[in-house]
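Student: I've got a protein open on my screen and I'm a bit lost. Could you show me how to read a few of its features?

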Amino acid sequence: MSERGVTAASLTRQAIERIDDGDIEDARLILAEALALDPSYELAWLWFAHVAEDPGERRFALEQAARINPDSPAHQELLMLRRAAAVAPPEVSDVIPPPLPPIAARRAERSRWRPAQRRTVALVALGLIALLALASGVVLRGAGRAKPVYIAVVGGMSGPASASGREMVQSARLYFDRLNADGGIEGRPVELLVYDDKNDPGTAKTVAGQIVADGRPLLVIGHTVSSTSLVAGPIYAAAGIPAVTSTSTADNVTEGNPWYFRTIFDNHTEGFLMAAYVRHVLGLDRISVVSGSDDYGRSLAAGVVEAFGNEGTIVRQYTIEAEGDALDPSVQAAVVGLHAEPNPGAIVVALQAEPATALVTAVKAAGITAPILGGDAMGSNRFLETFADPQATRRGEGHIADGLYAASPLIMDSLTSDSLRWFRAYRDAYGEDPTWRGAATFDAAIAAATAMQKANVTGEPAARGNERQQIRDALAALDSPERAVAGLLGPIYFDAQQTTPRAAMFGVARGGKFSSAFEQFRPYAPSASADIDADLASGVVIEVNGQLLERQRIVFAGVNMNEIGELDTANPSFSADFFLWFNYTGGNDATDIDFVNAVDPALELGDPVRDVTRDGVTYRLYRVSGRFKAPLQFQDFPFDQQNLVITFQNQSLPSSKLVYAIDRDFLAASQAERLTSGSNAAVSINAIPSWQAIEMQLYQGTVGSTALMGDPDANVGSSGIEYSTVTADITMTRDLAAFLIKNLLPLALLAAITYVSLYFPHSQTGERVAFGVSAILTAAVLLSSVTSVLPQVGYTVAIEWGFYAFILLSAICIIIGLVGDRLYDERRYGELRRLDLFSHIFYPVFVAGVVAAYVIRYGGG
């Protein structure tokens, strides 16, 4: 046999034997021989590190082994020697290659990164890439953001009547801000370009030319008054720009101009209704007409005179010059003439607000007691604020305009739920109450947006002409109730004169506010009566100039809550005790009501607590107790607000004959007064534990069907039967702090304990996993307990997302524990340390993220 050759492995075995014998010096020499034969023999370097007593020598040997094998156990051992500087053992000096020249050494140093450095640089690079990607995304989103489309809003923004112009802009902005928040028109935001025409026809003509020259507006909302709309209309028509006015009522604003539309009645309709009101409600057969020399005054006066000419006597017509110094002399001349007339009849005023204020003041000062009826320019509470001494009411002297009648598209005691939300949003946004002008402008904005959406507008310069035509055509296509869109004042559609058919409401001034008059007129609808001849004979339906009008009673209702309690969220309902009162003229069928959402369908008013009739006005007060169904929504539970509603409707008279309005005493009450018990002024109405009553509103509406509901006496051509309703709406909010402490404190403690388990040593993996499993099971039990108060709902409520997040976090903790156990068994201590650092940071960051999400979503409410 030949002798076997010496190898690095055989020499390493000899060195191991010397180590076992305790001869460390000889072992070091033999290991050096082995490394001289094979410098890349990892085991020799590891054993050298094992016998080296100097930390620097040990680090040197381990570094050589780590370079040879990336998976060498030397990497883990090096973690314990981070503070020691590597020193080459003298026995292996011949194995170590000589140093590089200085220049090469510097280059090598710059290019030689340790693994940790490489990881750091890689992480920094990834971070930079992420930031660049984020920045690129922002740039791309900015570049890809849809360009806006433009609407011009023009009116009198300065001068004595500027409040109406500002209200028009503010209400339009209120609508389009919400529309833009919901994505705009096909993803494109709508921007308003505001122009001031100073309510001056000459300025309006110039402004209209500026709008055309600008080129961007696809549509115009405006102008405020008829005279400015009339001079601007032909300019828009020539340029092919559609326009919608919400306040100009002169007939010829839209007549003959297919590009101009209107979301309010015209003067012909208004004048007709004013004439009918004087003759058939006030019962007078004589009128004196005082009108302005502007387009509004002439047009409205013509409508009144035309309608009243066949009903009674036009005593005299007076014209007021509303410009400059001519105002006072012309007003005085009219007052002198009215005072000299033994029987002037009703004084019908067709003036803008400023001259109307002067006229009414002068008429009252002259002691003329004839009733005064004004047009829409006078039909708002803002008009009543223009008189010189509005504080006289507070001194007990009465308001100078008390008893004044006026036509208006909207009286504020007749707000529906939608118009009430608009009213409150406007007041919250601008710090003042809106008038009917804001509501009509909101409707104009709805019509404009509807038409622009149907036209699929882009606003691109090359397409503007075609898109304006499509917008006009889309507006014209809203030509019937069936094609109408919902608005604050009712369905929005346009007749042959591009005017929205609406009936004027009549209000009467009391104490500086307009209230709906007890009697109104509305166009007769076939479904409103089963016997037209009988209604004509009884006076319920009247004929004026060949048109049929139906009398409509206004019944004022008010609610004073005594107590709400016993809220059952599992079977949504609540108990309520309250006073309900009515003020009305005519028969007692005004109180023939049915509580729509009563749990007991047989709930009735019973006998009145108080029943008084004075000067033809009946006041009835009832006390009602019962349970009512609650339309509760729990998507935001427990951060939810709930609206507890009580709704009643008249069950014998349709809304064509009787409409409820909100009583002025309720409207005058503050929220603090509304939320105080009517039976004990020292206590709150709320008797529901863990809830707070924060607001109470009352609004009117209608309920019914577009079908005949099987009525054998209804006319075949009718469109349906509706009944007037009143809804008391109490907004409730949870005592969130008490709820969270009671229901979520256990979850918070559980989260803290689970976090502590992340600091357990990895030798206790079983305990780590057990904590995670226990946390999941406990969270499931807590979630079941927290949501047990809810009915069966088909959606996930807000609090559930928090529990699901914690369950996910607990599952992640279990995974971390299992991964850590494997790393520990494999002695991969470096990775284990990084895993621990990650878990210690990730857990609180995850929890903070969940809490932040809830705060962002619900913190404002």
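Tutor: Sure! Let's begin with a term: helices here are DSSP runs of H or I with at least four residues, numbered from the N terminus. Helix α22, for instance, covers residues 736-756, and I741 lies in it. Keep in mind that this is a predicted model.

Student: Is I741 buried or exposed?

Tutor: A residue counts as exposed when its relative accessible area is over 50%. I741 has 58%, so I741 is exposed.

Student: Which residues form a nonpolar patch with I741 on the surface?

Tutor: L745 and L749 do. Taken together, the three offer about 300 Å² of accessible area.

Student: Okay, now the sheet. In what order do the strands of the open sheet come?

Tutor: Read across it and you get β7-β6-β8-β9-β10-β11-β12, which makes 7 strands with mixed pairing. At the edges sit β7 (313-320) and β12 (513-516), each pairing on one side only. Neighbouring strands are turned by 25 degrees against each other on average, if you ignore direction.

Student: Which helix packs on that sheet?

Tutor: That's α13, residues 327-340. Helix α13 touches β6 (286-292), β7 and β8 (346-350), and its direction makes about 160 degrees with that of β7.

Student: What does "mixed" pairing look like up close?

Tutor: Follow β10 and look at its partners. With β11 (residues 505-510), strand β10 (residues 405-408) pairs in the antiparallel sense over 4 bridges. With β9 (residues 372-374), β10 runs parallel, and 2 bridges join them.

Student: Which residues stand opposite each other there?

Tutor: Between β10 and β11, A407 faces F506 and S408 faces M505. Over on the β9 side, L373 stands opposite Y405 of β10. A general idea to carry along: in a regular strand, side chains alternate between the two faces of the sheet.

Student: Next topic: how many salt bridges does the structure hold?

Tutor: There are 27. The general idea is that side chains of opposite charge can pair when their charged atoms come close. Take E550 and K657, whose side chains meet at 3.2 Å, N to O.

Student: Why does that pair tie together parts that are apart in sequence?

Tutor: Because E550 lies in strand β15 (residues 547-568), while K657 is in the loop between β20 (641-650) and β21 (658-662), the pair links parts that are 107 residues apart in sequence. Both E550 and K657 are buried.

Student: Which salt bridge could I look at for partly exposed partners?

Tutor: Try K198 and D196, where the closest N and O atoms are 3.7 Å apart. K198 has a relative accessible area of 48%, so it is partly exposed. D196, at 25%, is partly exposed too.

Student: And which residues are joined into one network by salt bridges that share partners?

Tutor: Find R828 and E831 to start with: their side chains meet in a salt bridge at 2.8 Å, N to O. R828 counts as partly exposed at 30% relative accessibility, and E831 does at 35%. Salt bridges with shared partners join R822, E826, R828 and E831 into one network.

Conventions: Residues are numbered from 1 along each chain as its sequence is written. This is a predicted model: local features need pLDDT of at least 70, side-chain atom pairs count only at pLDDT 80 or more; totals for chains, interfaces and linings use all residues. Side-chain values use heavy atoms; hydrogens and water are left out. Two strands pair if DSSP finds at least two bridges between them. Axes are lines fitted to C-alpha atoms, for helices over the stretch in contact, and angles run from 0 to 180 degrees between N-to-C directions. Contact means heavy atoms within 4.5 Å. Patches are made of residues with over 30% relative accessible area and no salt bridge: like charges are joined within 9 Å, nonpolar side chains (Val, Leu, Ile, Met, Phe, Trp, Tyr) within 5 Å. Accessible areas come from the Shrake-Rupley method with a 1.4 Å probe; for residues, only the protein chains shown count as cover. A salt bridge is a side-chain nitrogen of Lys or Arg within 4 Å of a carboxyl oxygen of Asp or Glu. Buried means under 20% relative accessible area, exposed over 50%, partly exposed in between (1.4 Å probe, protein chains only).
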